[in-house]
Amino acid sequence: MLSTLSHRSGRLIGILILLLLLALGGCASTPQKPIADWHDAVVAVQGQSTTVFRSTNDLIRETQIRRAGTLKTIKESDFQPGLDAESLAIWDRAFDSLATYSSALSTLLNPELAAGVGTSTQQLGESIVTTSKSDILTKRPGLASALGKLGAKLTSLAAGAKARDIMAEADPAVNEVLAQMARMIYDDSGGTSSGVYETVRADWTLRADEIRTEFLSTQSPDAKRDVATRYATTLEKRDAATSALLGLRASITELAAAHRRAAVGAPMDTAALIASIREQTAFFKGLLTDLKPAKN
Amino acid sequence: MPNQNESIRELQGLLVRQFKKLHDSLDDVEDADAAQAIVREMQEVNHRIALTGSLLFAAQAAELDDKVAAIGKATKKVNAAIAKIQNIQALLGAMSEFLGLVDEAIDFAKLL
């Protein structure tokens with residue numbers, strides 16, 4: 001009799017494993033950490049863009065005010081925001097959407113989610129054995145725990161496979177969003193240069209050229225050196241500002257590339273990206289004060 | 001025929017090229033008044049580069065908004081996968097609970 005019950009509980013446990021297999025589907029591994037890193041990178045690039053765009057709008061506003069000194073009348077269009085609030089909100093929403101997407105992926109791949117199924121599987125195994133009055137757990141004390149580990153592993157593999165399927169399907173959309181954002185910063189396709197980069201570059205070039213004209217009416221060597229110093233400093237600021245924009249564009253492009261790598265099952269390799277973004281963000285936050293043009 | 005965004009982009013590109021020509025022309029100017037006249041012209045072109053840049057950014061942002069919807073759909077699929085796993089966990093838990101109740105019922109029946 002006891003032997004029959006043990007046999008029955010063994011069969012029930014076998015059915016439990018089969019149920020798990022059927023419920024969870026195929027198996028392929030996608031690690032959680034790179035996805036969590038990608039999420040961190042999205043948030044970091046969003047922060048980077050906030051810093052760079054704030055600096056851009058400050059620059060444009062200062063130039064508008066300086067230009068007003070040459071005008072007879074002023075109108076609203078003379079003070080149009082460089083990057084309007086509504087567009088910046090859309091920009092942020094795009095990053096929020098990518099962050100929510102990657103956060104959900106990270107949750108799906110979180111080992112704790114799989115561990116929960118493992119614990120429930122172990123408990124159900126124990127219940128089955130108790131109900132069938134089997135002594136199988138006395139003979140094999142590690143069986144319930146092994147069953148739990150198997151449940152957790154199967155869940156983890158299925159979650160990884162599902163995450164990869166979804167990423168592969170979403171990859172064209174993710175790339176389209178990030179490519180659009182990169183174009184908004186700088187686009188030189190078709191032999192035409194456009195974007196925030198061109199606005200900022202022209203602005204700083206104008207500032208430098210205004211100083212350059214002062215040089216023509218400056219007489220003393222000391223005064224010339226003073227003008228030349230301000231001219232060189234302005235050119236440096238222009239290069240720092242345009243580098244900030246190109247750095248932001250590179251970060252966005254790299255986010256797209258990392259997602260594409262993960263979607264085809266290759267390592268995301270986000271560690272270098274995050275380190276680079278954090279370094280750039282810290283650098284440009286420090287530069288923000290310097291980049292602000294001096295008030296006349 | 002180019003779409004509206006492409007037209008704005010081409011306009012900004014045209015202004016950028018014009019601005020660069022004015023900038024380059026300063027290299028050969030030694031007269032301060034002539035240089036200032038060029039710089040004033042550059043100020044006006046620069047203002048229009050910023051205006052078209054602003055319009056282009058807004059137009060591209062509207063396009064971006066449309067593209068972002070697809071990311072939301074992917075997030076829903078991920079959340080559905082999470083819910084499926086949580087449902088499996090809940091099912092396993094419910095079965096354990098059910099079996100526990102069965103045991104209690106059997107034990108109770110034995111007392112009768």
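**A helix pair across chains A and B**

Helix 7 of chain A and helix 1 of chain B cross in a left-handed sense. Select both to start: residues 196-216 of chain A for helix 7 and residues 4-25 of chain B for helix 1. Keep in mind that this is a predicted model. For the complex, the predictor gives an ipTM of 0.85 and a pTM of 0.82. Chain B has an average pLDDT of 90, with 98% of its residues at 70 or above.

Back to the pair. The two axes come within 11 Å and cross at roughly 20°. Angles under 35 degrees count as roughly parallel, so that is how helix 7 of chain A and helix 1 of chain B run relative to each other.

Now show side chains at the contact. On the chain A side, pick E198(A), A202(A), T205(A) and D209(A); on the chain B side, Q12(B), V16(B), F19(B) and H23(B). Colour them by class and you'll get 3 nonpolar, 3 polar and 2 charged residues.

Next stop: N46(B), in helix 2 of chain B, which spans residues 32-111. Is N46(B) buried or exposed? It has 26 C-beta neighbours inside 10 Å, and the cut-off for buried is 20 or more, so N46(B) counts as buried.

Which residues does N46(B) touch, leaving aside those up to four places away in sequence? In chain A, select T63(A), A202(A), D203(A) and L206(A); in chain B, F19(B). You've already met A202(A) and F19(B) in the helix pair.

Last, draw a C-alpha to C-alpha distance from N46(B) to Q18(B): 9.6 Å in space, with their positions 28 residues apart in sequence.

Terms used:
Residues are numbered from 1 along each chain as its sequence is written. Chains are lettered from A and ligands numbered from 1 in the order in which they are written. This is a predicted model: local features need pLDDT of at least 70, side-chain atom pairs count only at pLDDT 80 or more; totals for chains, interfaces and linings use all residues. Helices (H or I, at least four residues) and strands (E, at least two) are DSSP runs, numbered from the N terminus. A residue is buried if 20 or more other C-beta atoms lie within 10 Å of its own, exposed if 12 or fewer, and partly exposed in between; C-beta atoms are placed from the backbone. Two residues are in contact if their C-beta atoms, placed from the backbone, lie within 7 Å. pLDDT is the predictor's confidence in each residue, from 0 to 100. Axes are lines fitted to C-alpha atoms, for helices over the stretch in contact, and angles run from 0 to 180 degrees between N-to-C directions. Angles under 35 degrees count as roughly parallel, over 145 as roughly antiparallel, 65 to 115 as roughly perpendicular and the rest as oblique. A crossing is left-handed if the near helix is turned anticlockwise from the far one by less than a right angle, and right-handed if clockwise. Ala, Val, Leu, Ile, Met, Phe, Trp, Tyr, Cys and Pro count as nonpolar, Asp, Glu, Lys and Arg as charged, and the others, Gly among them, as polar.
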